[in-house]
Amino acid sequence: KYDIVGDLYLSYDADYLYFAVVVGMDYHYCPDATSLWNQCSIQINVSTEAPTSDYISQYYDWGAGAGMNKQATDDGVITQYGYAVTDAGAAVSEFYMGETGKEAPAEGTFMVVRDETNQQTIYECKLSWEEIGFDEAPTAGTQLGFSYSINARPDAGDDSWINLRMRNGGGIIGRNDLSKMATVVLK
């Protein structure tokens with residue numbers, strides 16, 4: 001029923017972490033800028049700690065309920081955003097996880113474009129190191145966590161909904177287990 005693919009590209013410099021996600025799917029449904037996770041969109045997690053670090057081992061279980069806590073957001077270690085392009089063509093973002101006072105990325109730091117001819121949605125973003133939670137720009141060899149999910153819903157009349165994600169939810173889908181994020185090593 002679903003024919004969805006996603007390609008991820010990451011790069012960095014002294015000021016920003018850059019990423020692009022190219023999602024290939026033959027439909028697109030995101031009528032407005034609310035509840036992006038329940039429409040055609042992506043969500044990303046970025047962590048200043050590697051998912052295999054002692055810190056994440058201690059504070060991996062982000063959420064509510066017994067044994068779960070939000071220490072990783074209180075400490076500025078994890079940030080999660082959502083990105084989409086509405087059916088009207090407006091690029092939008094949402095802020096899901098992170099330090100109190102943070103907001104969705106400002107206009108000009110991201111772009112989302114739907115290409116109906118090639119049946120692709122292209123997401124590009126730059127996040128400053130400070131926004132992610134680093135005090136200064138990391139250097140080659142630094143390990144951090146990064147993951148993304150592709151949220152897909154064919155249309156409002158269809159109750160089906162699917163997520164394509166990294167292993168075991170990638171720290172986004174399900175219980176937000178931060179240890180399931182991928183480890184990125186800066187070169």
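Colleague: Which residue in S7 stands opposite arginine 114?

Modeller: Heads-up, this is a predicted model: local features need pLDDT of at least 70, side-chain atom pairs count only at pLDDT 80 or more, and totals for chains, interfaces and linings use all residues. Numbering runs from 1 along each chain as its sequence is written, and side-chain values use heavy atoms, leaving out hydrogens and water. S6 and S7 pair (DSSP finds at least two bridges between them) in the antiparallel sense, over six bridges. In S7, the residue opposite arginine 114 is threonine 121.

Colleague: Is the S6 face that carries Arg114 buried or not?

Modeller: Side chains alternate along S6, with Met111, Val113 and Asp115 on one face and not buried. Buried here means under 20% relative accessible area, exposed over 50%, and partly exposed in between, using a 1.4 Å probe and protein chains only. Phe110, Val112 and Arg114 point to the other face, and that one is buried.

Colleague: Which residue takes a positive phi in the S6 and S7 hairpin?

Modeller: Four residues sit between the two strands. The positive phi, near 50°, belongs to glutamine 119.

Colleague: Which strand gives the largest share of the largest nonpolar core?

Modeller: That core (buried Ala, Val, Leu, Ile, Met, Phe, Trp, Tyr and Cys joined through side-chain atoms within 4.5 Å) has 30 residues, and Phe19, Val23, Ile42, Ile44, Val46, Tyr83 and Leu127 touch the most other members. Several elements supply at least two residues each, including S2 (16-24), S3 (41-47) and helix H3 (129-132); helices are DSSP runs of H or I with at least four residues, strands runs of E with at least two, both numbered from the N terminus. With five residues, the largest share comes from S8.

Colleague: Why does tryptophan 129 count as buried?

Modeller: Tryptophan 129 lies in helix H3. Skipping neighbours within four places in sequence, its contacts (heavy atoms within 4.5 Å) include Tyr12, Tyr16, Leu17, Phe134, Pro138 and Leu186. Tryptophan 129 counts as buried because its relative accessibility is 3%.

Colleague: How far apart are the C-alpha atoms of tryptophan 129 and aspartate 15?

Modeller: Asp15 is among the contacts of tryptophan 129. The two residues are 114 apart along the chain, yet their C-alpha atoms are separated by 6.3 Å.

Colleague: What share of the contacts with a separation of 6 or more in the protein chain joins residues 24 or more positions apart?

Modeller: The chain has three helices and 10 strands, and 48% of its 187 residues count as buried. Among contacts with a separation of 6 or more, the share joining residues 24 or more positions apart is 64%.
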